[in-house]
Amino acid sequence: MNEKNRINQSIKGYKILIVDDQFPNIILLENILDLAGFKDVVSISDSKQALEKIELHQPDILLLDLMMPDISGFDILEALSVTSDTREYMPILVLTADTNPKSKEKALRMGASDFLTKPFDISEVTLRIQNLLTSKYLMNQLKDQNNLLEEKVKQRTAVSYTHLR
């Protein structure tokens, strides 16, 4: 299996959380993700539950609507920006009917990784999700390699220090 196929297989097991107040949007996204081979998909339509669900489910990617009652996608982005230092990188793909360029700029400035307006092209949303998850996979690989390298340096330093005594 080549590297691209290995990565593609790995990201299919990643956890996806959909936060959208419209059931037809949730069903469409769930079907798109299912056809693309993603199996660990959780959806919520009540934005008041979003932050708790993110904490419990620990998704690898968040698919987020902006225009929702009670708690907007912007509110969720703001809350996540406060905790971004304490949690692992989670790409956020905003999927919204809000076509205002200022909303796009604001969402991206607040930490969204990407932004698509509804109605979206099915192949485009699938590719953007795959690309964001591939980036996360590669970042995790880099982090693992750095941890391994740090451990080797510690071991060699300890051995060298022992020989100096």
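Reader: Which residues in H3 meet Ile76, Ala79 and Leu80 in H4?
Author: This is a predicted model, and in it H3 and H4 touch through a small set of side chains that can be listed by name. Sorted by type, the contact has six nonpolar residues, with no polar and no charged ones. On the H4 side sit Ile76, Ala79 and Leu80, and on the H3 side the residues are Ala50, Leu51 and Ile54.

Reader: Are H3 and H4 parallel, perpendicular or oblique to each other?
Author: Helix H3 spans residues 50-57 and helix H4 spans residues 73-83, and their axes come within 10 Å. H3 passes H4 in a right-handed crossing. The axes cross at roughly 45°, and the perpendicular class only begins at 65 degrees. So H3 and H4 are oblique.

Reader: What order do the strands take in the open sheet?
Author: There are five strands, and they pair in parallel. E2 (41-44) and E5 stand at the edges with a single partner strand each, so one side of each has no neighbour in the sheet. From one strand to the next, the twist averages 15°. Reading across, the order is E2-E1-E3-E4-E5.

Reader: Which residue in E5 is the bridge partner of Thr96?
Author: Strand E4 covers residues 92-96 and pairs with E5 in the parallel sense. Four bridges hold that pairing. For Thr96, the partner in E5 is Thr117.

Reader: Which strands does H4 lie across?
Author: Take H3 as a warm-up: H3 lies across E1 (16-19), E2 and E3, and runs at about 175° to E1. H4 runs at about 155° to E3. The strands under H4 are E1, E3 and E4.

Reader: Is Asp70 buried or exposed?
Author: Asp70 is found in the loop between E3 and H4. Asp70 has a positive phi of about 70°, although it is not a glycine. The relative accessible area of Asp70 is 59%, and the cut-off to pass is 50%. That makes Asp70 exposed.

Reader: And how does Gln58 count, buried, partly exposed or exposed?
Author: Gln58 is another non-glycine with a positive phi, about 50°. Gln58 has its place in the loop between H3 and strand E3 (61-64). With 47% relative accessibility, Gln58 counts as partly exposed.

Reader: What is omega for the cis peptide bond that joins Lys118 and Pro119?
Author: To find the spot, look in the loop between strand E5 (114-117) and helix H6 (122-164), where Pro119 has its place. The cis bond joins Lys118 to Pro119, and omega is about -5°.

Key. Residues are numbered from 1 along each chain as its sequence is written. This is a predicted model: local features need pLDDT of at least 70, side-chain atom pairs count only at pLDDT 80 or more; totals for chains, interfaces and linings use all residues. Side-chain values use heavy atoms; hydrogens and water are left out. Axes are lines fitted to C-alpha atoms, for helices over the stretch in contact, and angles run from 0 to 180 degrees between N-to-C directions. Helices (H or I, at least four residues) and strands (E, at least two) are DSSP runs, numbered from the N terminus. Angles under 35 degrees count as roughly parallel, over 145 as roughly antiparallel, 65 to 115 as roughly perpendicular and the rest as oblique. A crossing is left-handed if the near helix is turned anticlockwise from the far one by less than a right angle, and right-handed if clockwise. Contact means heavy atoms within 4.5 Å. Ala, Val, Leu, Ile, Met, Phe, Trp, Tyr, Cys and Pro count as nonpolar, Asp, Glu, Lys and Arg as charged, and the others, Gly among them, as polar. Buried means under 20% relative accessible area, exposed over 50%, partly exposed in between (1.4 Å probe, protein chains only). Two strands pair if DSSP finds at least two bridges between them.
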